[in-house]
Amino acid sequence: MAKPRIDHDRLFKELLSTFFEEFLLLFFPNVYEHIDVHHLSFLTEELFTDVTAGEKHRVDLLVETKMKGEEGLIIVHVEHQSYAQRTFPERMFLYFSRLFQKYRRRIVPIAIFSYDEHHDEPSSLVVQFPFLTVLDFRYLTVELRKLPWRAYIRHDNPVAAALLSKMGYNEEEKVEVKKEFLRMLVRLELDEAKQRLLFGFFETYLRLSEEEEAKLRNEVSQMETKEAKQVMELIVSYEQRGMEKGIQQGVKQGMKQGRQQGIEEGKLDVVKRMLAKGYDVDTIHELTGLPVEKIERVKG
């Protein structure tokens with residue numbers, strides 16, 4: 001079965017528009033220092049057509065704001081790129097020129113690269129002759145895979161927490177990365193909606209196997225008592241939501257097929273996974289609604 005396509009641009013736009021101030025503070029403190037974050041306004045999406053390539057491109061994020069101590073407005077343009085593209089600097093310049101043509105304001109262009117490969121991404125587009133430099137266009141960049149994830153775990157910053165999932169860790173470090181993400185989530189004390197956004201983003205890009213999840217639980221249990229309790233509650237909370245979602249999907253599939261068997265199979269599949277993760281029979285009964293006797297039979 002083919003993997004479901006991930007809408008990378010939508011995920012990054014949701015994250016950065018929710019935590020735009022924190023994004024600037026984390027990666028571009030000099031920009032953050034000079035703009036007035038009390039006057040942020042998100043502009044409507046811009047759709048540009050590249051006639052030569054026959055493609056349409058949608059600008060990811062446009063933010064209107066002010067410079068501190070100045071009256072005029074400026075625009076911050078953030079573009080997310082999930083794959084390597086040789087002509088990306090040209091695309092950034094085309095966006096810049098068309099946005100400037102429309103708004104006639106100073107623009108701060110930023111590119112954030114999230115693909116897994118290592119590239120030396122340019123941050124400028126230069127057009128020149130031996131006798132003249134016609135264009136020297138520059139933009140700010142973040143190359144996530146090149147960032148050392150451990151350097152960001154002490155930041156109480158929601159963007160840092162979510163983007164740990166795209167930074168430069170190796171396969172052996174996945175469990176530790178998720179553990180540190182959960183610790184950051186506990187420290188941040190966000191409301192449920194924002195916490196769910198961060199958790200969903202992280203899980204999209206860094207998902208552990210059942211064996212790795214068991215290792216994570218073991219490592220969490222060895223942490224300082226109060227913190228271990230908070231992190232474990234977070235794990236259980238999101239696992240329960242996942243189980244409930246699985247039940248709902250099983251029920252919907254069963255209804256669509258028009259057979260009670262489909263509903264029961266959906267629930268029994270969830271029961272098996274919950275048992276594998278160490279849930280007790282009473283908790284499974286409460287979440288699934290299945291009789292205790294049937295759960296005991298599955299447990300065998």
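Sheet and helix packing in a predicted model

Phe 42 has Val 63 as its bridge partner in strand 4. The model is a predicted one, in which local features need pLDDT of at least 70 and side-chain atom pairs count only at pLDDT 80 or more, whereas totals for chains, interfaces and linings use all residues. Residues are numbered from 1 along each chain as its sequence is written, and side-chain values use heavy atoms, with hydrogens and water left out. Helices (H or I, at least four residues) and strands (E, at least two) are DSSP runs numbered from the N terminus, and two strands are said to pair if DSSP finds at least two bridges between them.

An open sheet of mixed pairing is formed by 5 strands in the order 1-4-5-6-9, and its edges are strand 1 (35-42) and strand 9 (140-143), each of which pairs on one side only. Direction ignored, neighbouring strands of this sheet are turned against each other by 25° on average. Strand 1 and strand 4 (residues 61-67) run antiparallel and are joined by 4 bridges; Asp 36 has Lys 66 of strand 4 as its bridge partner. Lys 66 also stands opposite Leu 73 in strand 5, and strand 4 pairs with strand 5 in the antiparallel sense over 6 bridges. These two strands form a hairpin with 5 residues between them, and Gly 69 in the turn has a positive phi of about 80°. Of the 7 residues of strand 4, 6 are buried, that is, they have under 20% relative accessible area with a 1.4 Å probe, protein chains only.

Helices also pack on the sheet, with contact taken as heavy atoms within 4.5 Å, and with angles running from 0 to 180 degrees between the N-to-C directions of axes fitted to C-alpha atoms, for helices over the stretch in contact. Helix 2 (residues 20-27) lies across strand 1, strand 4, strand 5 (73-81), strand 6 (106-113) and strand 9, and runs at about 135° to strand 1. Helix 4 (residues 88-103) touches strand 4, strand 5 and strand 6, its direction making about 150° with that of strand 5.

The axes of helix 6 (residues 174-188) and helix 8 (residues 210-221) come within 10 Å and cross at roughly 55°, which makes helix 6 oblique to helix 8, a term for angles that are not under 35, over 145 or from 65 to 115 degrees. Residues making this contact include Lys 174 and Leu 182 of helix 6 and Glu 212 and Val 220 of helix 8.

Definitions and conventions. Buried means under 20% relative accessible area, exposed over 50%, partly exposed in between (1.4 Å probe, protein chains only).
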